[in-house]
Amino acid sequence: MEQTIECLDSLPKAERYQRFLQDYRLLIEGETDVVALLANTAAALHDAFGFFWVGFYVTKDKQWLSLGPFQGPVACTRIKRGRGVCGTAWAEGRTLVVPDVDAFPGHIACSSLSRSEIVVPICLSAERQSQRFFGVLDIDSTRLNDFDDDDRIGLEAVVTVLSKALSPIEH
Ligand code: SME
(Lines give C-alpha, C1' and ligand atoms only; values in the text may rest on other atoms or scores of the structure.)
Protein backbone atom coordinates (compact mmCIF):
# COMPACT_ATOMS: atom_id res chain seq x y z
CA MET A 1 0.00 0.00 0.00
CA GLU A 2 1.35 3.42 -0.88
CA GLN A 3 1.87 5.67 2.12
CA THR A 4 2.79 9.29 1.79
CA ILE A 5 3.42 12.12 4.21
CA GLU A 6 2.00 15.49 3.24
CA CYS A 7 4.36 18.46 2.95
CA LEU A 8 2.92 20.83 5.55
CA ASP A 9 4.83 24.04 4.80
CA SER A 10 1.81 26.31 4.44
CA LEU A 11 0.23 25.67 7.88
CA PRO A 12 1.04 27.28 11.27
CA LYS A 13 3.61 25.15 13.09
CA ALA A 14 1.42 23.75 15.90
CA GLU A 15 -1.21 22.70 13.33
CA ARG A 16 1.49 21.12 11.17
CA TYR A 17 2.49 18.86 14.06
CA GLN A 18 -1.16 17.90 14.72
CA ARG A 19 -1.66 16.95 11.06
CA PHE A 20 1.67 15.14 11.02
CA LEU A 21 0.71 13.06 14.05
CA GLN A 22 -2.48 11.87 12.34
CA ASP A 23 -0.56 10.59 9.30
CA TYR A 24 2.33 9.35 11.42
CA ARG A 25 0.17 7.10 13.62
CA LEU A 26 -1.17 5.40 10.49
CA LEU A 27 2.30 5.13 8.97
CA ILE A 28 3.80 3.18 11.89
CA GLU A 29 0.66 1.25 12.94
CA GLY A 30 1.39 -2.45 13.41
CA GLU A 31 5.12 -2.14 12.65
CA THR A 32 7.32 -4.07 15.08
CA ASP A 33 10.77 -3.69 13.55
CA VAL A 34 13.01 -1.10 15.25
CA VAL A 35 14.97 -0.09 12.15
CA ALA A 36 11.80 0.19 10.04
CA LEU A 37 10.15 2.38 12.70
CA LEU A 38 13.14 4.71 13.06
CA ALA A 39 13.83 4.91 9.33
CA ASN A 40 10.26 5.82 8.42
CA THR A 41 10.00 8.29 11.31
CA ALA A 42 13.10 10.14 10.07
CA ALA A 43 11.87 10.09 6.46
CA ALA A 44 8.36 11.23 7.43
CA LEU A 45 9.66 14.17 9.49
CA HIS A 46 12.05 15.09 6.68
CA ASP A 47 9.27 15.00 4.05
CA ALA A 48 6.74 16.92 6.15
CA PHE A 49 8.99 19.63 7.59
CA GLY A 50 12.01 19.74 5.25
CA PHE A 51 14.51 19.53 8.14
CA PHE A 52 18.20 19.78 7.15
CA TRP A 53 19.14 16.75 9.27
CA VAL A 54 16.76 14.51 11.18
CA GLY A 55 17.62 11.19 12.74
CA PHE A 56 18.31 9.01 15.71
CA TYR A 57 21.15 8.15 18.03
CA VAL A 58 20.56 4.90 19.93
CA THR A 59 22.26 3.71 23.15
CA LYS A 60 24.94 1.07 22.58
CA ASP A 61 25.77 0.52 26.22
CA LYS A 62 25.50 2.75 29.27
CA GLN A 63 28.08 5.22 27.92
CA TRP A 64 27.57 5.65 24.17
CA LEU A 65 25.06 6.73 21.59
CA SER A 66 25.42 5.21 18.13
CA LEU A 67 24.13 6.69 14.87
CA GLY A 68 20.78 5.24 13.76
CA PRO A 69 18.53 5.84 10.75
CA PHE A 70 18.55 9.43 9.51
CA GLN A 71 17.87 11.76 6.59
CA GLY A 72 20.47 14.35 5.61
CA PRO A 73 24.24 14.64 5.28
CA VAL A 74 26.54 11.99 6.78
CA ALA A 75 27.01 12.41 10.54
CA CYS A 76 29.34 11.39 13.36
CA THR A 77 28.75 7.82 14.39
CA ARG A 78 29.37 7.80 18.17
CA ILE A 79 28.61 10.28 20.95
CA LYS A 80 29.63 9.77 24.58
CA ARG A 81 27.05 10.25 27.36
CA GLY A 82 27.20 13.85 28.55
CA ARG A 83 28.95 15.10 25.37
CA GLY A 84 27.46 17.38 22.72
CA VAL A 85 23.79 18.29 22.60
CA CYS A 86 22.70 14.65 22.17
CA GLY A 87 24.80 13.27 25.03
CA THR A 88 23.71 16.13 27.30
CA ALA A 89 20.00 15.57 26.54
CA TRP A 90 20.55 11.92 27.50
CA ALA A 91 22.45 12.75 30.71
CA GLU A 92 19.88 15.38 31.76
CA GLY A 93 16.85 13.37 30.55
CA ARG A 94 15.16 16.35 28.94
CA THR A 95 14.59 18.00 25.58
CA LEU A 96 17.24 20.56 24.64
CA VAL A 97 16.44 23.43 22.28
CA VAL A 98 19.67 25.09 21.10
CA PRO A 99 19.04 28.39 19.28
CA ASP A 100 22.72 28.83 18.32
CA VAL A 101 24.89 25.72 18.25
CA ASP A 102 28.10 27.81 18.43
CA ALA A 103 27.00 29.06 21.85
CA PHE A 104 26.45 25.54 23.22
CA PRO A 105 29.58 24.38 25.10
CA GLY A 106 30.82 21.10 23.58
CA HIS A 107 28.45 21.08 20.62
CA ILE A 108 29.55 18.40 18.15
CA ALA A 109 29.55 19.84 14.62
CA CYS A 110 28.71 17.07 12.16
CA SER A 111 28.07 19.72 9.49
CA SER A 112 29.37 23.28 9.41
CA LEU A 113 25.99 24.29 7.93
CA SER A 114 24.14 23.43 11.15
CA ARG A 115 23.13 26.55 13.13
CA SER A 116 20.40 25.45 15.55
CA GLU A 117 19.27 22.12 16.95
CA ILE A 118 16.65 20.28 19.00
CA VAL A 119 17.22 16.95 20.75
CA VAL A 120 14.40 14.92 22.32
CA PRO A 121 15.23 11.94 24.57
CA ILE A 122 13.37 8.68 23.93
CA CYS A 123 12.44 6.53 26.95
CA LEU A 124 10.68 3.21 26.62
CA SER A 125 8.63 3.11 29.77
CA ALA A 126 6.01 5.60 30.87
CA GLU A 127 6.82 5.08 34.54
CA ARG A 128 9.43 7.65 35.53
CA GLN A 129 11.04 5.34 38.05
CA SER A 130 11.76 2.55 35.59
CA GLN A 131 12.51 4.62 32.49
CA ARG A 132 14.63 2.68 30.04
CA PHE A 133 16.58 5.07 27.88
CA PHE A 134 16.48 4.14 24.18
CA GLY A 135 18.22 7.07 22.50
CA VAL A 136 17.45 10.52 21.11
CA LEU A 137 15.69 12.15 18.19
CA ASP A 138 18.06 14.84 16.84
CA ILE A 139 17.08 17.59 14.38
CA ASP A 140 19.38 20.24 12.91
CA SER A 141 18.59 23.42 10.99
CA THR A 142 20.75 25.66 8.82
CA ARG A 143 18.93 28.69 10.31
CA LEU A 144 19.66 30.25 13.68
CA ASN A 145 16.90 30.00 16.30
CA ASP A 146 14.74 27.73 14.13
CA PHE A 147 13.14 25.66 16.93
CA ASP A 148 10.70 26.90 19.55
CA ASP A 149 8.17 25.57 22.03
CA ASP A 150 5.81 24.46 19.23
CA ASP A 151 8.59 22.21 17.93
CA ARG A 152 9.39 20.91 21.41
CA ILE A 153 5.74 20.06 22.14
CA GLY A 154 5.15 18.61 18.65
CA LEU A 155 8.32 16.51 18.60
CA GLU A 156 7.82 15.26 22.16
CA ALA A 157 4.35 14.08 21.03
CA VAL A 158 5.93 12.28 18.05
CA VAL A 159 8.46 10.64 20.39
CA THR A 160 5.66 9.55 22.76
CA VAL A 161 3.89 7.78 19.87
CA LEU A 162 7.18 6.25 18.70
CA SER A 163 8.20 5.08 22.17
CA LYS A 164 4.86 3.27 22.60
CA ALA A 165 5.58 1.39 19.36
CA LEU A 166 9.15 0.62 20.49
CA SER A 167 8.37 -0.31 24.10
CA PRO A 168 7.36 -3.96 23.53
CA ILE A 169 10.36 -4.54 21.21
CA GLU A 170 13.73 -5.73 22.46
CA HIS A 171 16.70 -3.93 20.96
N1 SME B 1 25.25 18.20 17.02
C2 SME B 1 25.06 16.96 17.73
C3 SME B 1 25.78 15.84 17.01
C4 SME B 1 24.92 15.10 16.03
S5 SME B 1 24.70 15.91 14.58
O6 SME B 1 24.05 17.19 14.83
C7 SME B 1 23.84 15.01 13.50
C8 SME B 1 25.55 17.10 19.16
O9 SME B 1 26.17 18.11 19.53
O10 SME B 1 25.31 16.17 19.94
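**Figure 1. Leucine 21 in helix H1 of the predicted model.** Leucine 21 is part of helix H1, which covers residues 13-28. The structure shown in this and the following views is a predicted model. With a relative accessible area of 11%, leucine 21 is buried, because buried means under 20%. Glycine 55 serves as a distant reference point for this view. Leucine 21 and glycine 55 are separated by 34 residues in sequence, and their C-alpha atoms are 17 Å apart in space.

**Figure 2. The ligand and its surroundings.** The ligand sits in the largest cavity. The elements that contribute two or more residues to the shell around the ligand are strand E1 (53-59), helix H3 (84-92) and strand E6 (133-141). Of these, H3 gives the most, with three residues. In total, 13 residues surround the ligand. The closest are Val85, Cys86, Ile108, Glu117 and Asp140.

**Figure 3. Polar atoms next to the ligand oxygens.** Two of the short distances in this view involve the protein backbone. A polar backbone atom of valine 85 lies 2.9 Å from an oxygen atom of the ligand. For cysteine 86, a polar backbone atom is likewise found 2.9 Å from a ligand oxygen atom. At aspartate 140 the side chain is involved: one of its N or O atoms is 2.7 Å from an oxygen atom of the ligand. On its own the ligand has 310 Å² of accessible area, and the protein covers 99% of this.

**Figure 4. Salt bridge between arginine 94 and glutamate 92.** A search of the whole structure finds six salt bridges, and one of them is formed by arginine 94 and glutamate 92. The closest N and O atoms of this pair are 2.8 Å apart. Where does each partner stand between buried and exposed? Arginine 94 has a relative accessible area of 45% and is partly exposed. Glutamate 92, at 42% relative accessibility, is also partly exposed. Both values fall in the partly exposed class because neither is under 20% or over 50%.

**Figure 5. Arginine 152 and its two acidic partners in helix H4.** The side chain of arginine 152 forms a salt bridge with that of aspartate 149, with an N to O distance of 3.0 Å. These two residues both belong to helix H4 (residues 149-166) and are three residues apart, about one turn of the helix. Arginine 152 also meets glutamate 156 in a salt bridge, again at 3.0 Å from N to O. Arginine 152 and glutamate 156 are separated by about one helical turn, because they are four residues apart in H4. Elsewhere, Lys13, Asp148 and Asp151 are joined into one network by salt bridges that share partners.

The three residues of the H4 view can also be compared by accessibility. Arginine 152 is partly exposed at 24% relative accessibility. Aspartate 149 is partly exposed as well, with a relative accessible area of 45%. For glutamate 156 the relative accessible area is 26%, which means partly exposed.

**Figure 6. Threonine 95 and its contact with glutamate 156.** Threonine 95 is located in the loop between H3 and strand E4 (96-98). What joins the side chains of threonine 95 and glutamate 156? The link is a polar contact of 2.5 Å. Glutamate 156 is the residue that also forms a salt bridge with arginine 152. Threonine 95 has a relative accessibility of 12% and therefore counts as buried, whereas glutamate 156 is partly exposed.

**Figure 7. Asparagine 145 between E6 and H4.** Asparagine 145 lies in the loop that connects E6 to H4. What is notable about the backbone of asparagine 145 is its phi. This angle is positive, at about 55 degrees, although the residue is not a glycine. Asparagine 145 has a relative accessibility of 57% and so counts as exposed, the limit for that class being over 50%.

**Figure 8. Proline 168 in the segment after H4.** Proline 168 belongs to the segment that follows H4. Is proline 168 buried or exposed? At 66% relative accessibility, proline 168 counts as exposed. Glycine 82 is the reference residue for distance in this view. Proline 168 and glycine 82 are 86 residues apart in sequence, and the C-alpha to C-alpha distance between them is 27 Å.

How values were computed:
Residues numbered from 1 in each chain as written. Predicted model: local features only at pLDDT ≥ 70, side-chain atom pairs only at ≥ 80, totals over all residues. Heavy atoms only, no water. Salt bridge = Lys/Arg side-chain N within 4 Å of Asp/Glu carboxyl O. Buried < 20%, exposed > 50% of the residue type's maximum accessible area, 1.4 Å probe, protein only. Near = heavy atom within 4 Å. Polar contact = N/O pair within 3.5 Å; in protein donor to acceptor, adjacent residues only side chain to side chain. Areas by Shrake-Rupley, 256 points an atom, 1.4 Å probe, with all protein chains shown as cover. 1 Å grid on protein atoms, 1.4 Å probe; cavity = no way out; pocket = protein on both sides within 12 Å on 5 of 7 lines; lining within 4 Å. Sits in = over half its atoms within 2 Å of the grid points.
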